[in-house]
Amino acid sequence: MEEIPFWQEKSLAEMTADEWESLCDGCGKCCLIKLEDEDSGEILFTDVACKLLDRQNCRCGDYARRRHLVPDCVVLTADTVGSLAFMPETCAYRLLSEGQDLYWWHPLVSGDPDSVHTAGMSVRGRTVCESSVPDAELEDHIVKWPR
Ligand code: SF4
Ligand code: SF4
């Protein structure tokens with residue numbers, strides 16, 4: 001009989017720490033600077049990446065100390081992920097919290113850690129670092145592709 005993968009069998013709250021971490025597909029989209037439309041409240045992504053993001057492998061450059069180095073970095077939990085409107089629709093945590101399954105390109109499904117990149121679902125090759133963009137120019141960097 002075919003084994004049911006843990007992300008289909010368990011709720012987010014039931015997962016072990018390792019299972020929880022493995023859900024991150026490494027897209028890096030949540031590490032982009034976001035702006036909020038003052039009128040509509042809509043969250044707008046930019047192609048400007050957090051200074052700690054390794055923009056090639058799309059992973060945090062200092063995951064263990066991220067909260068210390070970037071105080072507004074949001075740490076996801078099973079309780080909060082469903083209410084975080086700024087998470088991209090493709091985020092594995094958001095998908096599962098909304099009752100959807102993972103996409104074929106998710107490394108847990110494909111078995112290939114690079115599939116998120118080769119499928120064009122990550123930020124690789126599409127960002128600039130926040131240290132090179134003045135705040136006044138962030139609006140010029142608004143993009144739709146992270147959605
Ligand atoms: S958007 Fe979700 S899946 Fe992508 S890097 Fe962030 S936490 Fe991981
Ligand atoms: S500190 Fe790390 S995890 Fe947090 S937004 Fe920056 S790169 Fe992403």
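Is Tyr93 buried or exposed? Tyr93 is buried, at 6% relative accessibility. The legends below describe close-up views of a predicted model.

**View 1. The surroundings of ligand 1 include Tyr93 and several cysteines.** The shell around ligand 1 consists of Cys24, Asp25, Cys27, Gly28, Cys30, Met87, Pro88, Cys91, Ala92 and Tyr93. Sorted by class, eight of these residues are nonpolar, one is polar and one is charged. Gly28 is the polar member, because Gly is counted among the polar residues. Asp25 is the charged member, because Asp belongs to the charged class. Ligand 1 sits in the largest pocket of the model.

**View 2. Ligand 2 is surrounded by residues that include Arg66.** Its neighbours are Cys31, Cys50, Leu52, Leu53, Cys60, Arg66, Val70 and Cys73. Seven residues of this shell are nonpolar, none is polar and one is charged. The charged one is Arg66, because Arg is assigned to the charged class. Ligand 2 sits in the largest pocket, and the largest pocket is also where ligand 1 sits.

**View 3. Trp20 and Tyr93 form one of three aromatic pairs.** The count of aromatic pairs in the model is three. In the pair shown here, the ring centres of Trp20 and Tyr93 are 4.7 Å apart and the ring planes meet at 45°, so the pair is classed as tilted. Trp20 belongs to helix H2 (residues 17-22) and Tyr93 to helix H4, so the contact ties together parts that are 73 residues apart in sequence. Trp20 is buried, with a relative accessibility of 13%. Tyr93 is buried too, at 6%, and is one of the residues around ligand 1.

**View 4. Tyr103 and Trp105 form a stacked aromatic pair.** The two ring centres lie 5.4 Å apart, with 10° between the planes. The pair counts as stacked because planes under 30 degrees apart are given that class. Tyr103 is partly exposed, with 38% relative accessibility. Trp105, in contrast, is buried, at 5%.

**View 5. A salt bridge links Arg147 and Glu89.** The closest N and O atoms of the two side chains are 3.5 Å apart. Arg147 lies in the segment after strand S5 (128-129), and Glu89 in the loop between helix H3 (66-69) and helix H4 (92-97), so this salt bridge ties together parts that are 58 residues apart in sequence. Both ends are partly exposed: Arg147 has a relative accessible area of 33%, and Glu89 has one of 34%.

**View 6. Arg94 and Glu98 meet in a salt bridge.** The N to O distance between the side chains is 3.0 Å. Arg94 is buried, at 16% relative accessibility; the cut-off for this class is under 20%. Glu98 is partly exposed, at 43%.

**View 7. Asp62 is joined to Arg65 by a salt bridge.** The closest N and O atoms of this pair are 3.0 Å apart. Arg65 counts as partly exposed, with a relative accessibility of 44%. The model has a count of four salt bridges, among them Asp62 with Arg65, Arg147 with Glu89 and Arg94 with Glu98.

Key. Residues numbered from 1 in each chain as written. Chains lettered and ligands numbered in written order. Predicted model: local features only at pLDDT ≥ 70, side-chain atom pairs only at ≥ 80, totals over all residues. Heavy atoms only, no water. Near = heavy atom within 4 Å. 1 Å grid on protein atoms, 1.4 Å probe; cavity = no way out; pocket = protein on both sides within 12 Å on 5 of 7 lines; lining within 4 Å. Sits in = over half its atoms within 2 Å of the grid points. Buried < 20%, exposed > 50% of the residue type's maximum accessible area, 1.4 Å probe, protein only. Helix = DSSP H or I, 4+ residues; strand = E, 2+ residues; numbered from the N terminus. Phe/Tyr/Trp six-rings, centres within 6.5 Å; stacked < 30°, edge-to-face > 60°.
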